[in-house]
Amino acid sequence: PYPRVTVQIRLRCDAGVLGPLLHGLESGSPQLFIDNMALNSMAAFFAAGQGASDNRVDVVFDLYGYLRPTAPAAAEGDPNA
């Protein structure tokens, strides 16, 4: 009865920010859900010695929710509408 709407998200962020971000998405209003999440360390993209302290991650996930059905429009000429 409720149509599902999905948005594919890709972001690069600090690993320490990711947890609160995901929690905020799933605990907020309207209700949203995270699915199909993949994490990759960004340190692998830097030359040896340059990214040793880098804690950024590349994150890909689906964010989805459900649309509330709209009320049917009142029929024209209906005296009870």
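Aromatic rings of Phe, Tyr and Trp (its six-membered ring) are taken as a pair if their centres lie within 6.5 Å. The views below show a predicted model.

**View 1. The aromatic cluster of Phe 33, Tyr 64 and Tyr 66**. By the rule above, the count comes to three aromatic pairs. One of them joins Tyr 64 and Tyr 66 in an edge-to-face arrangement, with 5.9 Å from centre to centre and 90° between the planes. The angle counts as edge-to-face because it is over 60 degrees. Phe 33 belongs to one cluster with these two tyrosines.

**View 2. The surroundings of Tyr 64 and the accessibility of Tyr 66**. The charged end of Arg 4 is placed over the ring of Tyr 64, at 3.5 Å from the ring centre. Tyr 64 has a relative accessible area of 15% and is therefore buried, the limit being under 20%. Tyr 66, by contrast, has a relative accessible area of 45% and is partly exposed.

**View 3. The largest nonpolar core**. Nine residues make up this core: Leu 11, Cys 13, Leu 18, Leu 22, Ile 34, Val 57, Val 59, Phe 61 and Leu 63. At least two residues come from each of β1 (4-14), α1 (15-27) and β3 (56-66). Strand β3 gives the most, with four residues. In soluble globular proteins, nonpolar side chains tend to be buried together.

**View 4. Contacts of the core residue Leu 63**. With neighbours within four places in sequence left aside, Leu 63 is in contact with Val 5, Thr 6, Val 7 and Ile 9, among others. The further contacts of Leu 63 are Leu 25, Leu 32, Phe 33 and Ile 34. Of these partners, Ile 34 is itself listed in the largest nonpolar core, and Phe 33 is part of the aromatic cluster.

**View 5. Ala 15 in helix α1**. Ala 15 has 37% relative accessibility and so counts as partly exposed. Not counting residues up to four places away in sequence, Ala 15 touches Asn 55, Arg 56 and Val 57. The C-alpha atoms of Ala 15 and Leu 39 are separated by 9.9 Å, while the two residues are 24 residues apart along the chain.

**View 6. The largest pocket**. This pocket has a volume of about 270 Å³. Its lining comprises 13 residues, of which Pro 30, Gln 31, Gly 65, Tyr 66 and Leu 67 are the closest to the pocket centre. Strands β1 and β3 are the elements that give two or more residues to the lining. The most come from β3, with four residues.

How values were computed. Residues numbered from 1 in each chain as written. Predicted model: local features only at pLDDT ≥ 70, side-chain atom pairs only at ≥ 80, totals over all residues. Heavy atoms only, no water. Phe/Tyr/Trp six-rings, centres within 6.5 Å; stacked < 30°, edge-to-face > 60°. Buried < 20%, exposed > 50% of the residue type's maximum accessible area, 1.4 Å probe, protein only. Lys NZ or Arg CZ within 6 Å of the ring centre and 35° of its normal. Core = buried A, V, L, I, M, F, W, Y, C linked by side-chain atoms within 4.5 Å. Contact = heavy atoms within 4.5 Å. 1 Å grid on protein atoms, 1.4 Å probe; cavity = no way out; pocket = protein on both sides within 12 Å on 5 of 7 lines; lining within 4 Å. Points joined across faces, edges and corners; volume = space filled by probe spheres on them.
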